[in-house]
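Student: Could we go through this chain term by term, setting each value against the cut-off behind it?

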Amino acid sequence: KATPSIATPSASEKLSAAINDEDSMIELLNAAKVQASDDNDVRLCAHLPAEADTEALGAALAPLLRPRLNIWLLGNLGMGKTTLTRGLLRALGHEGKVKSPTYTLIEPYVVSRLNLYHFDFYRFNSPEEYLDAGLDEYFADQGVCIVEWPQKALPHLPSPDLEIQLEVRDGGRFVEIYGHTDAGRTCVTELMKALRAIGPTLTAD
């Protein structure tokens, strides 16, 4: 596996550019809410009117990533899972193309301070294909794992720290982000703080 390197420009510069270039980000900031659910998970939800808002949300999440964070991306085809990942990677300094690894199963990146692994299990016919491909070793590593179609690898896939659900609603996308572990809950609450710091005052439930 690759050794982490420091990327330029900085992640904060990438985040600022992603947000400041899009007026519609204001709608995301106004719509975002964070809630504590009954099972001690923490949930952030927001309306994403345009594709650029989905990328901007990924950019806002990027500085909060930590080694060994496991992120699930849930939603039907075309919901913006790869778009969100693209925004995240660009904020971390990746300048190349970002595509879903539907056929290769995994796309590794060395960005900023992290090893990041982008998975797509859409084409799995059986959960055992996850084990046959030896992908479990990546989840025991220090990298960040972002998984599209994680349900295709259950029950073998480790549980997520963050679960991000995307669906069509009101002419755009609606996102719900759940923090299931201490690391995930910290990430969700810090994401809300980051959004508040760069935009209008938010109302949190």
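Tutor: Let us begin with contacts, where a contact means heavy atoms within 4.5 Å: among those in the chain with a separation of 6 or more, residues 24 or more positions apart account for 68%. This is a predicted model, in which local features need pLDDT of at least 70 and side-chain atom pairs count only at pLDDT 80 or more, while totals for chains, interfaces and linings use all residues. Residues are numbered from 1 along each chain as its sequence is written, and side-chain values use heavy atoms, with hydrogens and water left out.

Student: How many helices and strands does the chain have, and what makes a run of residues count as one?

Tutor: The chain has 7 helices and 8 strands, these being DSSP runs numbered from the N terminus (H or I over at least four residues for a helix, E over at least two for a strand).

Student: What makes Thr 85 count as buried?

Tutor: Buried means under 20% relative accessible area, exposed means over 50%, and partly exposed lies in between, with a 1.4 Å probe and protein chains only. Thr 85 has 0% relative accessibility and therefore counts as buried. This residue belongs to helix α4 (residues 81-91), and, leaving aside residues up to four places away in sequence, Thr 85 touches Leu 73, His 118 and Ile 146. Over the chain, buried residues make up 49% of the 205 residues.

Student: Why is Val 110 called partly exposed?

Tutor: Val 110 has a relative accessible area of 30%, so the value falls in the middle class. Val 110 is in strand β4, and its C-alpha is 8.3 Å from that of His 94, although the two are 16 residues apart in sequence.

Student: How do you know that strand β2 is mostly covered?

Tutor: In β2 (residues 42-48), 7 of its 7 residues are buried. Val 42, Leu 44, Ala 46 and Leu 48 point one way from the strand, whereas Arg 43, Cys 45 and His 47 point the other way, and all are buried. In a regular strand the side chains alternate between the two faces of the sheet.

Student: What makes β2 and β8 a pair, and how do they run?

Tutor: Strands pair if DSSP finds at least two bridges between them, and 7 bridges join β2 to β8 (residues 172-179), so the condition is met. The two strands run antiparallel, and Arg 43 stands opposite Tyr 178 in β8.

Student: Why are Phe 119 and Phe 139 called stacked?

Tutor: Rings of Phe, Tyr and Trp (its six-membered ring) pair if their centres lie within 6.5 Å, and planes under 30 degrees apart count as stacked, over 60 as edge-to-face and the rest as tilted. The whole structure holds 8 aromatic pairs. In the pair Phe 119 and Phe 139 the centres are 5.0 Å apart and the planes are at 25°, so the pair is stacked. The pair links distant parts of the chain, with Phe 119 in strand β5 (residues 114-120) and Phe 139 in helix α6 (residues 136-139), 20 residues apart. Both Phe 119 and Phe 139 are buried.

Student: What makes the pair of Phe 121 and Tyr 130 edge-to-face?

Tutor: Here the centres are 5.8 Å apart and the planes of Phe 121 and Tyr 130 stand at 75°, so the pair is edge-to-face. Phe 121 and Tyr 130 are both buried, and ring pairs link these two with Tyr 117, Phe 119, Phe 124, Tyr 138 and Phe 139 into a cluster.

Student: How do you know that the charged end of Arg 169 sits over the ring of Phe 174?

Tutor: The rule asks that NZ of Lys or CZ of Arg be within 6 Å of the ring centre and within 35 degrees of the ring normal. The charged end of Arg 169 is 3.8 Å from the centre of the Phe 174 ring and sits over that ring, and the charged end of Lys 152 likewise sits over the ring of Tyr 122, 5.6 Å from its centre.

Student: How many disulfides does the structure hold, and what would make a pair of cysteines count as one?

Tutor: A disulfide is a pair of cysteine sulfur atoms within 2.5 Å, and the structure holds 0 of them. Cys 145, with a relative accessible area of 3%, is buried, and Cys 187, at 4%, also counts as buried.

Student: What sets the backbone at Arg 68 and at Pro 155 apart?

Tutor: Most residues other than glycine have a negative phi, and most peptide bonds are trans. Arg 68, which is not a glycine, has a positive phi of about 75°; it lies in the loop between α3 (51-61) and β3 (70-74) and, at 47% relative accessibility, counts as partly exposed. The peptide bond from Leu 154 to Pro 155 is cis, with omega near 15°, and Pro 155 is in the loop between β6 (144-148) and β7 (162-169).
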